[in-house]
Amino acid sequence: MTTCEKSLTHAASLPVYLKLAAVTVIWGGTFVAGRYLADSLSPLLAASLRFLLASAALLLFLLLARVPLVRPGRRQWLQLALLGFFGIFFYNLCFFYGLHYINASRASLIVALNPAVIGLASWLLFKERLSRAKVVGIALCIGGASLVIVSRNPTLLVGHADAWVGDLLIGGCVLGWGIYSLCSRELNQSLGPVQTVTYSILLGTAMLWLTCAIRGELNLAALTSLGSPQWLSLMYLGVLGSALAYIGYYDGIRTIGATRSGVFIALNPLTAVLMGALLLGEQLTLAMGVGGGLILAGIFLCNKPLASVGKKRIL
């Protein structure tokens, strides 16, 4: 591939980069919304409501766009059930239960490990090329995200006696999201991101509500006691943070791969800090700026066009 062709390919990917950046802006607020709901609803009921709203939003979108749901094959049903279990059911139980034990900043620090997990698993399982630039880029993303989070809340590493439970549960989020990201490759190509996300969310939602019913957590009194802020948080989590963001993320995986898409997750804490500064008047520090610069440099290294293989030697 010539230098000109590489530049054109990189330019064609720009809309995907912008879409992934928008996704991470949305996800930057999900930790705050989830922590806010942790005091109002049980983790299982909160997750069930979140994805009931996400399912309704996706089905309404397909109806308005006049896009029919395709009929998956037997193998595809099994793959979709796997995605629904790990990406929706398992991830969100870990997410909401974990936020009962630790704060949003500490949780986002753990989730910042996602790019490294996805990149390493892609290399081990799918032989995806993990160049030196990508390794350095992933390391910069993790380092930058950690610097931003710790600068925002220096006391977050001093946890209470049960903090390890929350750490373990949020670590489960990293595992679940890694599986959800990597096992979608074949389905993204055959069904497309919209169909894949819709089916996986519908199946994961059914798993959540079935578990909720079995455990007797269908609490109507808790629902009627919710105020406008709680319902707005659920709408944010369900419609923006799940339905729309998941489609954008899967479209990124289909276009540029799991590793290059995964590094954008490092933007989550940066966008959370910027939103806090713009909306809540929180102070920005030099360390946050340095951390943000490291994140952006890491994303650039992971997504820059591959260098040419080499030049002909003059004999």
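Visitor: Let's start with aspartate 251: is that residue buried or exposed?
Guide: Keep in mind that this is a predicted model. Buried means under 20% relative accessible area. Aspartate 251 has 13%, so this residue is buried.

Visitor: Which lysine meets aspartate 251 in a salt bridge?
Guide: The two side chains come to 2.7 Å, N to O, and the partner of aspartate 251 is lysine 19. That links distant parts of the chain, 232 residues apart, with aspartate 251 in helix α13 and its partner in helix α2 (residues 14–28). At a relative accessible area of 36%, the partner counts as partly exposed. The lysine you're after is lysine 19.

Visitor: About how many helical turns separate aspartate 251 and arginine 254?
Guide: These two side chains also meet in a salt bridge, at 3.3 Å from N to O. Both residues are in helix α13 and sit three residues apart, so the separation is about one helical turn.

Visitor: Which residues do the salt bridges with shared partners join into one network?
Guide: Start from the link between aspartate 251 and arginine 254, a salt bridge of 3.3 Å. Salt bridges that share partners make one network there, and its members are Lys19, Asp251 and Arg254.

Visitor: Which arginine does glutamate 186 meet in a salt bridge?
Guide: The structure holds four salt bridges. In this one, glutamate 186 and arginine 75 are 3.1 Å apart, N to O. The pair links distant parts of the chain, 111 residues apart, with glutamate 186 in helix α10 (residues 185–190) and its partner in helix α5. Glutamate 186 is partly exposed at 42%, and its partner, exposed at 55%, is arginine 75.

Visitor: On to the rings: how many aromatic pairs are there, and what is the geometry of phenylalanine 51 with tyrosine 246?
Guide: The count comes to 18 aromatic pairs. For phenylalanine 51 and tyrosine 246, the centres are 6.2 Å apart and the planes make 70 degrees. Planes over 60 degrees apart count as edge-to-face, so with 70 degrees this pair is edge-to-face.

Visitor: How many residues apart in sequence are the parts that phenylalanine 51 and tyrosine 246 tie together?
Guide: Both residues are buried, phenylalanine 51 at 0% relative accessibility and tyrosine 246 at 2%. Back to that aromatic pair, which is edge-to-face: phenylalanine 51 lies in helix α4 and tyrosine 246 in helix α13 (residues 228–256), so the parts tied together are apart in sequence by 195 residues.

Visitor: Which residues form the cluster linked by ring pairs?
Guide: Phenylalanine 51 and tyrosine 246 both belong to this cluster. Written out in full, its members are Trp27, Phe51, Tyr91, Phe95, Phe96, Trp177, Tyr180, Tyr246, Tyr249 and Tyr250.

Visitor: Which ring does the charged end of arginine 50 sit over?
Guide: The charged end of arginine 50 is 5.8 Å from the ring centre. The ring's owner is also part of the cluster linked by ring pairs. That ring belongs to phenylalanine 95.

Visitor: Which residues does serine 48 contact, leaving aside its neighbours within four places in sequence?
Guide: Serine 48 lies in helix α4 and is buried, with a relative accessible area of 0%. One of its partners, cysteine 212, is likewise buried at 0%. Its contacts beyond those neighbours are Leu208, Trp209 and Cys212.

Visitor: How many disulfides are there, and how far from cysteine 141 is the nearest cysteine sulfur?
Guide: The disulfide count is zero. Cysteine 141 is in no disulfide, and the nearest cysteine sulfur is that of cysteine 302. The cut-off for a disulfide is 2.5 Å, whereas this sulfur is away by 5.4 Å.

Visitor: How far apart in space are asparagine 114 and tryptophan 177, C-alpha to C-alpha?
Guide: Asparagine 114 lies in helix α7 (residues 114–126) and is buried at 2% relative accessibility. Among its contacts beyond four places in sequence are Val174, Trp177 and Ile265. Asparagine 114 and tryptophan 177 are 63 residues apart in sequence, while their C-alpha separation in space is 7.7 Å.

Visitor: One last backbone point: what is the phi of arginine 66?
Guide: Arginine 66 lies in the loop between α4 (43–64) and α5 (74–98), and at 76% relative accessibility it counts as exposed. Most residues other than glycine have a negative phi. Arginine 66 has a positive value, near 55 degrees.

Technical notes. Residues are numbered from 1 along each chain as its sequence is written. This is a predicted model: local features need pLDDT of at least 70, side-chain atom pairs count only at pLDDT 80 or more; totals for chains, interfaces and linings use all residues. Side-chain values use heavy atoms; hydrogens and water are left out. Helices (H or I, at least four residues) and strands (E, at least two) are DSSP runs, numbered from the N terminus. Buried means under 20% relative accessible area, exposed over 50%, partly exposed in between (1.4 Å probe, protein chains only). Rings of Phe, Tyr and Trp (its six-membered ring) pair if their centres lie within 6.5 Å; planes under 30 degrees apart count as stacked, over 60 as edge-to-face and the rest as tilted. A charge sits over a ring if NZ of Lys or CZ of Arg is within 6 Å of the ring centre and within 35 degrees of the ring normal. Contact means heavy atoms within 4.5 Å.
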